[in-house]
Amino acid sequence: MENEVVSKNFIEVEIDKDLAEGVYDCVHTRFPPEPNGYLHIGHAKSILLNYGLAKKYNGKFNMRFDDTNPTKEKTEFVDAIKRDIQWLGADWEDRLFFASDYFGQMYEAAVKLIKKGKAYVCDLTAEEIREYRGTLKEPGKNSPYRDRSVEENLKLFEEMKNGVYQDGEKVLRAKIDMASPNMNMRDPVIYRVAHMSHHNTGDAWCIYPMYDFAHPIEDAIEGITHSICTLEFEDHRPLYDWVVRELEYPHPPRQIEFAKLYLTNVVTGKRYIKKLVEDGVVDGWDDPRLVSIAALRRRGFTPESLQMFVELCGVAKGQSSVDYAMLEYCIREDLKMKRSRMMAVLDPIKLVIDNYPEGQVEYLDAANNLENDALGTRQIPFCRELYIEREDFMEEPPKKYFRLFPGNEVRLMHAYFVKCESFVKDENGKVVEVHCTYDPETKAGSGFTGRKVKGTIHWVPAPCAVEAEVRLYENLIDEEKGVYNEDGTMNINPNSLTVAHAMLEPALKDVRAYDSFQFVRNGYFCVDAKDSREGALVFNRIVSLKSSFRLPQKG
């Protein structure tokens, strides 16, 4: 349609305005994670937003590690973050950068501020700096070292760089305004002494820039036009603008903030995930009960499902929470037409067809996905002994139970009608075997119309069934109690993981890591990439088949 109105989020409106007014002649975005942990679902929103804006405006997208804090950063996290971003489909091309690559330029920038009388070396301790800063209602007090001469500051700052001082002994502060209503502008620390090895620069430096000083410099050096970040940085924007202005960059970048992505009853904070990992509550940053991107990938989520989720969440200025059920909705929508529907029995019980010839095997045709003919068909071996789900047989069934019970007839999916004749119990009274007879006239696809049955159950052939460990997940958090207690501890759900020893149809024998399928009636499952191996398959349940979640109707 010629006059179709395209809805734009508020960031796109601002970018359009900047381009129209000639503030910038292109769009250049970046994603700048600190390599101190694995990325989570909230980061996926930021990655896809920044990359999506660059793509939409035919611009560029940079990947940059904001590695200015050597105390928490590891190469392991760098590698994991790169894997996650590539998996999501955000292509930085040849623009992979590290903030630490600019340490020399940052040092020169600090020297420039000192020479302009805009920075000074301060000997106050961290506690004293806090005391001098004042409160939201009271202005701060000037440091007694604020009026040091340019020459003295240059000398002291160089000595800081040369390792003359101990950690915490001196800092470099921006000279702005101790009476500013914005606490971030009250002479913030921009460099500190830290005698630590850095994952990228080794022992070349013993002073490191603070994030609020380094970040705008990185953006300016790389030619970033729009520095898209989350709302907690809104109060830091005046400092961001001050840094690029005082350092006189010719094309200063512009910071725009958007609301973070919050999921209800889910642990997203790096600090809390780190604790879960260190305490052994989960088996690593990629435990499928977490919402780190690595965990979602291992569980079986797809890049397309996360892209759909981010689009549905939208981009807003106001904070809000999203139900985890919406993420589950997205993966169901993505997989339902793409994956084969296979038979797997999660709690097996033997079913014997007494009148089926011993030793006979026939191959039955089955559509891989009834909603998508392009996925083709497969053949399933059928024989005298099968496995069915334990819940598909009851000795004394309630009303409206249409599966197997003595005297009742059901259809075996893709196969025949079978009628329950008897059953066998073990010494503890547990049913271990169900005996049936089958009607050869009722083969699926034969056009049989003689009578109808109300129940259809799935099965796998016992002699060639594939054994597998199947992991069924619930929320890691006890949803009734909420995520955190008053003392900061987490309400862990003791039933967040259930392990089943399942029997699968033989077509699943040669699956590989990350292959996923719908297991009839049981949900969508993915081959675990960490623990699964040949002869010892492990499947993770991605999501159950049904949910009460519905997309809100557009008014």
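**Note on a predicted model: a buried helix, salt bridges and loop residues**

1. At 8% relative accessibility, Asp 334 counts as buried, and in this predicted model the residue forms a salt bridge with Lys 338, the closest N and O atoms being 2.6 Å apart. The partner is placed otherwise, since Lys 338 has a relative accessibility of 37% and therefore counts as partly exposed.

2. Asp 334 belongs to the buried residues of helix H12, a helix of 12 residues that runs from 324 to 335. From its first C-alpha to its last, H12 reaches 17 Å, close to the 16 Å expected at 1.5 Å a residue. The helix is mostly covered, with 11 of its 12 residues buried, and the buried set includes charged side chains such as Glu 328 and Arg 332 alongside Met 326, Leu 327 and Ile 331. At the N-terminal end, Asp 323 acts as the cap of H12, with a side-chain oxygen 3.0 Å from the backbone nitrogen of Ala 325.

3. How many salt bridges does the model contain? The count comes to 51. One of the pairs to inspect is that of Glu 248 and Lys 116, whose side chains meet at 3.1 Å, N to O. This pair links distant parts of the chain, 132 residues apart: Glu 248 sits in the loop between helix H8 (237-246) and strand S9 (254-258), and Lys 116 in the loop between helix H4 (103-115) and strand S4 (119-122). Lys 116 is partly exposed, with a relative accessible area of 34%.

4. A further salt bridge is formed by Arg 471 and Asp 528, with the closest N and O atoms 4.0 Å apart; as the cut-off for a salt bridge is within 4 Å, a reader may wish to look at this pair directly. Arg 471 lies in strand S23 (residues 466-473) and Asp 528 in the loop between strand S26 (523-527) and strand S27 (537-543), so the pair ties together parts that are 57 residues apart in sequence. Both Arg 471 and Asp 528 are buried. Through salt bridges that share partners, Arg 471 and Asp 528 are joined with Asp 283, Asp 286, Arg 298, Glu 469, Lys 530 and Asp 531 into one network.

5. Arg 148 lies in the loop between helix H5 (126-133) and helix H6 (150-161), and at 16% relative accessibility this arginine counts as buried. Its side chain is joined to that of Asp 123 by a polar contact of 2.9 Å. Leaving aside residues up to four places away in sequence, Arg 148 touches Val 121, Cys 122, Asp 123, Asn 153 and Leu 156.

6. Two loop residues deserve a look at their backbone angles. Glu 93, in the loop between helix H3 (75-88) and strand S3 (96-98), has a positive phi of about 55° although it is not a glycine, and the residue is exposed, with a relative accessible area of 53%. His 414, in the loop between strand S18 (409-412) and strand S19 (417-425), likewise is not a glycine and has a positive phi of about 65°; its relative accessible area is 22%, which makes His 414 partly exposed.

7. Strands S18 and S19 also take part in an open sheet of seven strands with mixed pairing, in the order S21-S18-S19-S20-S14-S17-S22. Its edge strands, S21 (456-457) and S22 (460-461), each pair on one side only. S22 pairs with strand S17 (residues 385-389) in the antiparallel sense over two bridges, and Tyr 387 stands opposite Val 460 in S22.

Definitions and conventions:
Residues numbered from 1 in each chain as written. Predicted model: local features only at pLDDT ≥ 70, side-chain atom pairs only at ≥ 80, totals over all residues. Heavy atoms only, no water. Helix = DSSP H or I, 4+ residues; strand = E, 2+ residues; numbered from the N terminus. Expected span 1.5 Å × (residues − 1). Buried < 20%, exposed > 50% of the residue type's maximum accessible area, 1.4 Å probe, protein only. Polar contact = N/O pair within 3.5 Å; in protein donor to acceptor, adjacent residues only side chain to side chain. Contact = heavy atoms within 4.5 Å. Pairing = 2+ DSSP bridges.
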